[in-house]
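I opened this entry to record what I looked up, one item at a time. The notes follow in the order in which I made them.

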Amino acid sequence: MDYIFNILVFILIYAVWVQSLNLIMGYVGVISMGHAIFSGIGAYTAALISVHLGYHFLVGTVAGFLLATVVGALLAIPSLRVRNEYLIVFTVGFQMVAYEFMITARGITEGQGGIPNIPSPQLFGFAFNTPFKFLPLALVTTVICFAIVWRLVNSPFGRVLKAIREDESACRALGKNTLKFKVLVFALGGGIAAIAGSTMAYFITFISPVSFSIEISIFIIVMVVLGGEASFWGPLVGAAILVGLPEVLRFLPGTAGFVDVLREIFYGLILMFMMIFRPQGILPEYAAKTKPLKGFQDLPDEADAFSAAEERNTASAEEKGGSPQALEITGLSKSFGGLQAVKDASLRLASGKITGLIGPNGCGKTTVFNLITGFLPADDGKVYVHGKEITGKAPYKLIDDGLVRSWQDIRIFKDMTVLDNVLVARPRQSGEEILRLFFSPWRVARQERENVRHAFGYLKMVGLTDKAGHLAGSLSTAEQKLAALARLMATECRVLLLDEPTAALDLESVERIIKLIKGIAKQGRKTILLIEHNLDVVRGLVEEAYFMSEGKVLAHGEPSALMADPKLAEVYFGID
Amino acid sequence: MRILIIQLFVNGLITASFYALAGVTWGVIYRTTHIFHFSHHLVFSVAGYAAILVTTEAHLPYFFSFFAAVAVAALLGCGIDAFLYRPLRRRGATQATTFLASLGLGTAGVALLLLAFTSSPRRLVGFPTKVLSIGEAFFSPADLTMTIISWAMIGSLLFFLAKSKWGKAIRAVGSNVEMARNVGLNIDRIYLLVFAIGSGLFGAAAFLFAAKNVAYPTMGIHPFFMSFTAVFLGGVSSIPGHALAGVILGFSESLGMLVLPGEYKTMIAFAILFVVIIIRPEGLIGMKRG
């Protein structure tokens, strides 16, 4: 019987280990090639503390968790700051270096031979010293770790993680410090892996470097992929299958070495074929999705979005001193190599007005948006929102200044529900902070209800309440653009930068969006800068427009007047 | 001490040449395709065995090993692109998905090599082993070959990229795929070409490695680690940067032995990369990607 319990304990330990990587790989979409080492940190910390200092196993476990979290943050900050694939580079290096350290630093780790005689854990006089007795401890550990992950991913925090995986830039534009989220998750994932490691050390009472080699790191990745990335129960399935499998293979004829090689081949093939044929894994993330929606029924009638949205806004605008210019740009310039994309552009947007930014394709309009919102660093020039300088601020910080942008290519989070798309854009959510999530759950829940109510208000405004529970990717282009507008409004920003909100739409949808934008500006008292190609839309919406060509602002004035200018018309339509 | 320093310097030059070559092979692929081509190490190992088998099974002179290694590597690289990456690309797979598929292929492939050839090291039969010397520095014919061929290949690659029509197309695709597609370049064909070049050159490196040392199934791991470390250290956008970074890694590994035991060579490379990325995320001579 001990044989079965032994396997069960291993499955539970691996499930925790795999879940911790699933949190990183599945929910945020970044890859760690050194996940075995985090477990190793937990295992060695626990072993050293218990063997040399004789401390309680809980002390060893917590110490391992903390150390792994810190190491995780140190790896994640410099690499994720650049790009996600730098984390692959760093973790491969970390895996190799740390493994070498385990083997060569004999004074600390006792080298290849490992550390024997780790005391079995005890609690209230009960010793967990047989597989059967250890099972409850492993079970409790697993339940706690799974509960922590559950809370993290099914919360406003988890919603941001999904949005990051879907489209990180769009997520930053909505005011999320995506680097912070990614680093936190990576560090925490490392910490949870360390718990798996220390539990393993206390179970086997012996550890050696072999358990934390790069093959094991890959093995953990295979389990995540097999179970299904971002699937909550996937890690349990993956661990059960792949920990159980070698036990079955054990009965195959052949030497142990031969079976090991077969297993490697099998793992590699699983990884490759899962990616080709079933990247979502055995238990796909949305197997049972499209959740029933609460909050829709008790939507108050007066939740007419324009007013609902404005509760907080009006006050804050007055506070800010009411500079007549909602947005002012002076002398903005940017060149890429030899190409001057934007040259000395200056714009002023009067509060509460819609201003157009027009010009032929490739004249630098979107680059201007990217410069204003900090997605590109400007070479020169300044940007002010309500009189406050924001030049060079990171994109996610601009929400606090009341500035938000939309995207030409919509960039809705396609694998999230329409409601979640709007909810994620709500500012200042306490449920996005890990400590609040665990220590003031009621406050988080209250705020979430409030946000759901607001979100439905915005969905009502764009006429998508009945699609709230659908995946955004299943919507038509026109509906996606409407959802994106609702998402934009949900940020409560005063200044909106709209990049071609009606492009690629049929006439009827264009009409609808024009009406909506007018309403947003008027009832919602928003200031809007609008990039638009459709001149009818421009005429219908805008009183004043800036005309750009080859990176320069050539003229500004009333749109019909601009279009009547033969020189500008020539530039715009390219007529001789 | 003086003799030791001279010898370490010569060793450094040899290793530096090898790492510089390794760096540009992965660099030309990554800069162009942005695929985190992890199974590059498998290409190295397979090419290494191809070189060995030409001498031990086909009983041909070692001279042919070189061409066998290059051809097998180039074919394998193209195959990986055509039959693994291209279908994934068509489906719009993310970079992470492609990476995982590549990781799987590399893992399974090396295990297959283990199954076929076991883990015992194999020698390149017939390669001269007589020790040469200049002054107080000693080196083998394999060392000399490694240094000369590495730089010849790096030089040819840089010349090809800078001057030839195809080289310009490769650079264009690497800088802006959309724009390259719009001017009518066949992206799939250019990817294939890049995989042929990068893998073929890495195959040559595998021949040099097998001649200098021995061949074994996991022989590709360390050179591959050094190649992508060189790419990120030098800066993704600059192929000469990858070679320069390879040189830095080679010399620091060798001269590092003055103060540290040999077991720490990966640690030195990783420490350099870690520090440089913190100070200069775009790499030593790379440009920021917009």
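I began with the cut-off for burial: a residue counts as buried when its relative accessible area is under 20%. F57(A) has a relative accessible area of 9%, so I entered F57(A) as buried. I also noted that the model is a predicted one.

**Entry: F57(A)**

I placed F57(A) in helix α3 of chain A, which covers residues 57-80. I then asked which residues F57(A) touches, not counting those up to four places away in sequence. I listed S50(A), P121(A), Q122(A), L123(A), L137(A) and Y202(A). I also looked up the pair F57(A) and I118(A): they are 61 residues apart in sequence, and 9.9 Å lies between their C-alpha atoms.

**Entry: chain A as a whole**

I counted 23 helices and twelve strands in chain A. Its C-alpha trace spans about 85 × 55 × 45 Å along the principal axes. Chain A has 576 residues, and 57% of them count as buried. I took the contacts in chain A between residues at least 6 apart in sequence, and found that 76% of these join residues at least 24 apart.

**Entry: T491(A)**

I found T491(A) in a loop of chain A, between α19 (477-490) and β9 (495-499). Is T491(A) buried or exposed? Its relative accessible area is 3%, so I wrote it down as buried. A polar atom of the T491(A) side chain lies 2.6 Å from the backbone oxygen of L488(A). Leaving aside neighbours within four places in sequence, I recorded contacts of T491(A) with L174(A), I399(A), V404(A), A425(A) and P427(A).

**Entry: α1 and α11 of chain A**

For helix pairs I wrote down two values, since two packed helices are described by the angle between their axes and the distance between the axes. In chain A, helix α1 (residues 2-28) packs with helix α11 (residues 234-249) at about 135°, and the axes are 8 Å apart. I therefore noted α1(A) and α11(A) as oblique to each other. Their crossing is right-handed. On the α1(A) side, I listed Y3(A), I7(A), F10(A), I11(A), Y14(A), A15(A), V18(A), Q19(A) and N22(A) as making the contact. On the α11(A) side, P235(A), L236(A), A239(A), A240(A), V243(A) and E247(A) take part. Sorted by class, this contact has twelve nonpolar, two polar and one charged residues.

**Entry: α6 and α8 of chain B**

I moved to chain B, where helix α6 (residues 165-175) and helix α8 (residues 187-212) pack at an angle of about 105°, with axes 10 Å apart. How are α6(B) and α8(B) set to each other? I wrote them down as roughly perpendicular. From α6(B), W166(B), A169(B), I170(B) and V173(B) meet residues of α8(B), including I187(B), R189(B), I190(B) and Y191(B). By class I noted ten nonpolar, no polar and one charged residues in the contact of α6(B) with α8(B).

**Entry: α9 and α11 of chain B**

Last, I looked up helix α9 (residues 221-234) and helix α11 (residues 265-279) of chain B, which pack at about 20° with their axes 10 Å apart. I therefore entered α9(B) and α11(B) as roughly parallel to each other. The crossing of α9(B) and α11(B) is left-handed. Among the residues in contact are F225(B) and F232(B) of α9(B) and I272(B) and V276(B) of α11(B). I closed with the classes: nine nonpolar, three polar and one charged residues in the contact of α9(B) with α11(B).

Conventions: Residues are numbered from 1 along each chain as its sequence is written. Chains are lettered from A and ligands numbered from 1 in the order in which they are written. This is a predicted model: local features need pLDDT of at least 70, side-chain atom pairs count only at pLDDT 80 or more; totals for chains, interfaces and linings use all residues. Side-chain values use heavy atoms; hydrogens and water are left out. Axes are lines fitted to C-alpha atoms, for helices over the stretch in contact, and angles run from 0 to 180 degrees between N-to-C directions. Helices (H or I, at least four residues) and strands (E, at least two) are DSSP runs, numbered from the N terminus. Angles under 35 degrees count as roughly parallel, over 145 as roughly antiparallel, 65 to 115 as roughly perpendicular and the rest as oblique. A crossing is left-handed if the near helix is turned anticlockwise from the far one by less than a right angle, and right-handed if clockwise. Contact means heavy atoms within 4.5 Å. Ala, Val, Leu, Ile, Met, Phe, Trp, Tyr, Cys and Pro count as nonpolar, Asp, Glu, Lys and Arg as charged, and the others, Gly among them, as polar. Buried means under 20% relative accessible area, exposed over 50%, partly exposed in between (1.4 Å probe, protein chains only). A polar contact is a pair of N or O atoms within 3.5 Å; within protein, one must be able to donate a hydrogen and the other to accept it, and residues adjacent in sequence count only if both atoms are side-chain atoms.
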